[in-house]
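Trainee: I should like to learn how pockets and a ligand site are read from a model. May we begin with a pocket and then turn to the ligand?

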Amino acid sequence: MTTTASTRAPFNRLLLTGAAGGLGKVLRDSLRPYAHVIRLSDIAPMAPAIDDREEVVVCDLSDKQAVHRLVEGVDAILHFGGVSTEHAFEEILGANICGVFHIYEAARRHGVKRVIFASSNHVIGFYKQDEVIDARSPRRPDSYYGLSKSYGEDMATFYFDRYGIETVSIRIGSSFPEPQNRRMMSTWLSYDDLTQLLERALYTPDVGHTVVYGMSDNKDVWWDNHFASRLGFSPRDTSEVFREKVEAQPLPAADDPARIYQGGAFCAAGPFGD
Ligand code: NAI
Ligand code: 15L
């Protein structure tokens with residue numbers, strides 16, 4: 001039976017990083033049933049707290065002491081903050097690589113036992129679109145961004161093996177109001193399905209470090225989630241309802257990475273700084 005917020009006690013305090021971002025703004029609202037208080041954090045300005053069930057904290061993830069203060073008093077962390085597209089390595093280093101270390105180290109010091117990590121399909125982006133992979137397929141990062149998420153997943157494994165901090169790493173496909181192109185017909189994750197997946201990731205016991213692909217119930221998919229079956233994630237939305245609109249767009253050329261690789265255009269970004 002699927003557990004719902006109504007059958008599970010809310011957490012006392014959840015931390016959401018990346019709260020000013022596209023997904024953060026959605027989750028600010030949809031995560032409310034799961035906590036008495038949500039601490040919302042970002043480096044960018046956020047709307048003020050709407051009531052005493054919200055705490056708004058500006059924090060740079062690359063600042064270790066600030067992240068340490070940010071994590072004090074929280075019961076679980078949803079780590080969505082960071083650079084979310086491909087950039088030069090130096091731009092990704094502080095927010096994503098140092099940032100994920102700061103989050104786990106603060107979790108250890110404050111006794112936080114559960115992290116949900118917003119990983120990405122770009123951890124495996126160099127697989128081709130005619131391949132089906134699972135959570136144990138070797139990673140094939142398609143970018144410095146994808147490498148930073150791959151590092152975050154290794155950080156999660158290490159902090160579980162060494163300190164028993166559990167993580168669900170969600171390799172999110174494309175979570176937007178609707179799929180924007182043909183590739184996203186396979187990778188799309190609706191906001192409602194993302195929220196259901198987060199609920200499962202927060203409440204499922206004994207997850208160790210579980211890697212799950214974040215996609216809706218799309219018709220043509222590249223990712224097999226059987227290793228994450230204990231989460232009981234059962235997406236309800238599908239990209240099929242957008243097919244006609246998406247297929248009205250011109251077909252990319254046969255040699256376009258958007259048509260070849262699971263990671264699409266990220267596979268052709270860079271080089272930087274030449
Ligand atoms: P976004 O770029 O809209 O939000 C990321 C937030 O992180 C921004 O508000 C930004 O200000 C903040 N941030 C950047 N550097 C920071 C720093 N040094 N300290 C503190 N905060 C910092 O991205 P979106 O789409 O909301 O994604 C959220 C998370 O989910 C990201 O980690 C992204 O990599 C991941 N993800 C999202 C996907 C999607 O389809 N939306 C797909 C795969 C992964
Ligand atoms: C991601 O990891 C990005 O954060 C998001 O902006 C999209 O580009 C998404 O992947 C995608 O692959 O569509």
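Mentor: Let us start with the second largest pocket, whose lining comprises 13 residues; A135, R136, R171, H209 and V211 are those nearest its centre. Please bear in mind that this is a predicted model.

Trainee: Which elements supply at least two residues each to the lining of the second largest pocket?

Mentor: Helix 4 and strand 8 (209-214) do so. By class, this lining holds 4 nonpolar, 4 polar and 5 charged residues, and the volume of the pocket is about 230 Å³.

Trainee: How many residues line the largest pocket, and how do they divide by class?

Mentor: The lining has 40 residues, with L23, V83, S84, T85 and Y145 nearest the centre. Two or more residues come from each of helix 1 (22-30), strand 2 (35-42), strand 5 (114-120), helix 4 (144-163) and helix 5 (183-187). The division is 16 nonpolar, 20 polar and 4 charged, around a space of about 810 Å³.

Trainee: Where does ligand 2 sit, and which residues surround it?

Mentor: Ligand 2 occupies the largest pocket. Its surroundings include S84, T85, H122, Y145, F176 and F266, and the full shell consists of 4 nonpolar, 7 polar and 1 charged residues.

Trainee: Which side chain has an N or O atom 3.0 Å from an oxygen atom of ligand 2?

Mentor: That side chain belongs to N121. For S120, a polar side-chain atom is 2.7 Å from a ligand 2 oxygen, and an N or O atom in the R183 side chain also lies 2.7 Å from an oxygen of ligand 2. Of the 320 Å² of accessible area that ligand 2 has on its own, the protein covers 83%.

Methods:
Residues numbered from 1 in each chain as written. Chains lettered and ligands numbered in written order. Predicted model: local features only at pLDDT ≥ 70, side-chain atom pairs only at ≥ 80, totals over all residues. Heavy atoms only, no water. Near = heavy atom within 4 Å. Polar contact = N/O pair within 3.5 Å; in protein donor to acceptor, adjacent residues only side chain to side chain. Areas by Shrake-Rupley, 256 points an atom, 1.4 Å probe, with all protein chains shown as cover. 1 Å grid on protein atoms, 1.4 Å probe; cavity = no way out; pocket = protein on both sides within 12 Å on 5 of 7 lines; lining within 4 Å. Sits in = over half its atoms within 2 Å of the grid points. Nonpolar A, V, L, I, M, F, W, Y, C, P; charged D, E, K, R; others polar. Points joined across faces, edges and corners; volume = space filled by probe spheres on them. Helix = DSSP H or I, 4+ residues; strand = E, 2+ residues; numbered from the N terminus.
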